[in-house]
Amino acid sequence: MRHDDRELPPPPANDRPGDRWVLEQDGRRRLSWTGRRQRLTSACLLFAISGVALMLLVTPATTLFQPGDLSSPHAQILAGASAEQRCGACHQSATTSLTDWFRSGGSGHQGISSSERCMKCHHTTIPLGLAGTAHNLPIAVRDRLTKLAISERGRPAEWRPAVAMVDQNHLRCATCHQEHHGPTTSLTQLSNAQCQACHAAPFGSFAESHPTWDQWPYHRSGNIGFDHRTHHDQHFPRHHPAEAFDCRTCHANVRDHSTAISDLGSEPQRSPSYEVGCASCHEETLRAQVVDGITLLQLPTLPESVADQFGPWPPTAIGFTDGSLSPLVELLIRSDPTIAPLLRQIPNGDLAQLPRGTSRSNHTLGRIATSLRELMDDIADRGHRAIEDRLTRQGLAPPPFRPVLQGLPPQWIEATAKDWFQPVSDTPSPSPHEADQHHADQLPSRSTLANSRPSTEPTTDSSELLPEGSLLLDIGHDSGVDDALLDEGRLSGPADPLDPLAAAPATSAVDKTSVVPSELVNLGGWYRRDTVCDIRYRPAGHADPVLKAMIETFAQLSEGDPLKERFHANPVVQVCMNCHPAADAIPARWTSQRNGETLDRFTVFSHQPHLSVTPPEQHASGQQNSGQCNRCHQIASTEGGNAVGQFAPLGKDNCAACHVRGAAGEQCTTCHRYHIR
Amino acid sequence: MATIRLPLKTRRWVGLTVTVFAVTVIAAITSTLSDRLGSPSLFTGWTLFSCLILLMLLGVRRRLPFWPLGSVSTWTQVHLHLGLFTAAVYLLHAPAIIGGGKLESTLSIVFLLVTVSGFYGWFISRTFPAQLTAVPGEPRFDRMNWHRSQLASTASELANGLPDTSGDQVLKSFYHESLAAFFSQAPSLGWVLAPGRTRCDRLLGDLKSMERYLPADRRETVEQLAALIRRRHDLDRQFSMQWKLRSWVVIHSCLSLALLLAAVVHVAIALRFSH
C-alpha cells in the first residue's frame, strides 16, 4: 500500500459465489450477477422459444424452410403453384400438417417417396418399373454386365469399398439429382467419381481404361438402310461424274442450309427426305419394282374331283393342284383354329407341293377352298369388321391394318365372289384377257374412280395407262435394290408379253384387250385377275399407306412365325424393307431419328462442337478446322467394312486425341446418358 | 496415477493441430461421401449438431464443479478448439454462409453470432487476465458497489473534515463540484465499453494545480484524495473488464441456447424432408 492510501474496511463476507442475492451496505437486498444472469438467460430462452414457435405458426412454409433455390426447369414449372403445392410437388411431408408428423399419415400416404413424386412427371422418359434400378437396367442384365466388366478390367482395389453407399436396386432420384442448389446448377451434373460410385470395377482415364469399341456408332444402323459405300464408290461417280461426293448434300447443317433444317438447331441432318435425297435416282426403279403388287387372295387350282365337292368353282381354277396361299389370306383364314393345323402342313403355302391324289391332300384342299369361300362371304356379309375380328382373334391389333381396309370395298369382294363362283353356263368362256378386262371394269379402286374407264372408252393417250416407269416393267420382278437397275443394259431386253408397250400398236389408240389389269391401276390400287382368280394390290409408289399398313400388321407376328418370313420374302415388301429395316419394329420406325433426340441410347453425341473445333494435328500446323465429315467418317475402302454403314471403324483413339483432362475433358457425362430406356 | 501437464503453449499447439487434423478428416469423409453418392450434408449436419451439444456441456460442467470430470481449464481448452472445429464443419455443411429460408437464415445468423462471440471470448480470455492482474486490487464483481461506496464515503469524510479556512474552502468546493459526483456515480456504459484515463487524469491534474494555493499541512489530504481517485479509477477498470467478461458469457450462452433450439427444429425438418 502506498503511503497516501487510506485503509478501507474489507467487504462483508455474508455471501458466497453463486448466490442470487447480495446485501448492500444499507441492508437492502440486491440481485447478484449470478441472479441477473439467470434471469436474463431465462428471458432469452423464453424469447427464443416464442420466436421459433411464432415463425412455425405464422410464417408460410415456403418462406420459412428454403434450403436453397430450385433449378431453373423445376422453378419454371412450379412458378404458378401455391406455396403448399410447390413443396408438395416433390415432398410428401409438405402436404401434411405439423400434427401429422407425430402420427401415421394413413395407408394412403404410406410408401409415397419423393422419387415416386418425380416419376409423376418423368414417367414418359423413364420406365416406371425400372426407375429405381441403376441405369434403369433389369437387375439380371446389370449383374451380367458387372461380371463382364470385372472379367475385363479386374476387381477394384481392396481399400475401396466393394459395395456402393446406395442400394442400386432401389435408387432414389435425389441420390444423383441434388435440388435446391440454385438456378445455375445443373441437376444432371455429376463428377466422374460420383458416376463410378456404383461401379465394381472403376475406370481410370478415358484414354487408358475406357473399353475400346470397334463398331460405334455404326452398329446402330438407324431406321434407314442406306449403303454409303456403294453410293460413294459406284452409283454417284457413275451418274454424277462431274460432281464431288459431298456429305453435306444430304447431311446439311445450319451453316449450309439454314432454312432446310432450321428446326434441327445446329446438328447435321440425319437423313434427307425421300423426295429430296432419293427420288431423283430411285423413283422410276421403285415404281418398276412394285408394279406387280402384292396378292391379297388367290384361289388355288383344284383337281376337278375336289372342286366338284364345293359347288361352283371357277373353271379357270380347275386342273392340276396348283397355286399358293398368300401370306395375307393365310393370316386371315388361320384365325379358324380347325384349319390352322392344316395350313402348317403346306410347305411355304405352296399347294403344288402337297402329295397329289391322296385323300389327305384332297381333304386339305377342300378345307382351304371352303375357308377361302367363307372368307369372301364373311367379308361380303360383315364387311371390314370380318377382317378385324379375324386379326383380333390372333392377338393382332387391327388399327395398323385399317388403311388396307379403307380402300377395299366389301361390295367389290362380294361381286368378285359372285363372278368367280357363279354356276357354269353353256355360253362359251371369254378369253383370259376379255375376262380380266370385263371384271376390271367393275373395279372400284381409287384409280378407276379417278380415271376414265378404259374398257368402255378406248384410251386415246397411252400415257394415261402407261406410267413413265412402264419401261421398267421387265425389271419389276427383280427384288434387288441395287441402283444398277437403272443401267441401260438392264432396261433393254426381250419384249415382255405383259409389257404394254410391246403389245401396243403403233397407233395412238390402245386395244382394251391388250391392257393388263395392273396397268388399269397405274396410280395404285386394288385389282383382280379373273384368269388366275386373284385379288392384288398395286402400291402407288414410295410411302404407300396400304403397303405400310400391311408391313406394320405383320410386324406384330413373332419373329419365328413362318408366315412373317414369307411375307418379308415378297419382292414388293423387300423393296420397302431394304431401305426401312426398322419398319418391322413396334412401333414401326419409317423415318430416321434426328441427331440428338435418341434418348434411349447410353451414349450421346453432338456433332456441332466437333465440327467447329480444330483437330490437334491441324492446330499444330496452324490450319483451321474445315468441318469435314470424313475426318471421322471415312468410307471403308475394302470389303471388310462394317456391315451396315460401310464406314471404317471409328475407334477410341479418335476421341482420346482430344478428350483428355485439360483439353476436351473426360467427364463420363459428356458422352454417356445415365438413364437407358 | 500421475498427471502429465503440458506447458500452456504446447497445449495450444497440440489442440490446434488436433483441430486441423479433425477438420481434415471430416472434409475427407465429406468428399468421399459426395463421391460415393452418400449424404454428406446429413453427415456434416449430425456432426455439427453433436458438436453443439458437446459445446453446451461446458456450461453444465461449470455448474457441477464437484464432479471428477477433469478441470474446467481442460474443458475450456476443449471447448475453444471444438468451437473452431464446429465453425469449419459449418462451412462444409451450409451451401451458403447465410441460408435462404427464414428459419435457415436465422439459424445461420445465430450460428455466426455465436461463432463471432466465441472468437471474441477467446480473445478476451487471452488478454484480460494479464490486464486484470496489472490493475491493483481483486474486488469481487458483486462487491464493486460496496467498494465504490467505501471510496465515496472515505473521500467525503476527508473533504468534510477540513476546517473552514479560505484555503480549505477551495478544496471543499472542488470536492463538491467535481469529486463528489466522480465517487458517488457508477461509470457510464460508454466508459465501461471503452475505458480511458482522461477523466481520472483531469481530476488529478486539477487537484495538483490546486495544491499551490493550499497550506502545507493540507497537501497530505490532497494526496489522499488523489490516491482515492486512483483507486476508484482502478476499481472502475476492474469493473469494466469483469463486466465485459461476464456479459460476453451471458451473450454467448443465450445465443447458444437460441442456436440449439433453432438447430433442433432444423434437424427435425431436415429429417422430415430427407426422404
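These legends walk you through close-up views of a predicted model with chains A and B.

In this predicted model, local features need pLDDT of at least 70 and side-chain atom pairs count only at pLDDT 80 or more, while totals for chains, interfaces and linings use all residues. Residues are numbered from 1 along each chain as its sequence is written, chains are lettered from A in the order in which they are written, and side-chain values use heavy atoms, with hydrogens and water left out.

**View 1. Annotated transmembrane regions of chain B.** The unreviewed UniProt entry places "transmembrane region" at residues 12–30, 42–60, 80–99, 105–123 and 247–271 of chain B; such annotations may be inferred rather than shown by experiment. Residues 42–60 are 100% helix, with end C-alpha atoms 27 Å apart. For residues 80–99 of chain B, the helix share is 70% and the ends lie 25 Å apart. Helices here are DSSP runs (H or I, at least four residues).

**View 2. Where chain B meets chain A.** Chain B brings 47 residues to the contact and chain A brings 60, counting heavy atoms within 4.5 Å. About 4,800 Å² is buried between them, 60% of it from carbon and sulfur atoms; this is accessible area (1.4 Å probe) lost on being put together, summed over both parts.

**View 3. The chain B side of the interface.** Helices α1 (8–35), α4 (102–134), α5 (144–160) and α9 (219–273) of chain B each supply at least two residues to the side touching chain A. The top contributor is α9(B), with 18 residues.

Key. Buried area is the accessible area (1.4 Å probe) that two parts lose on being put together, summed over both.
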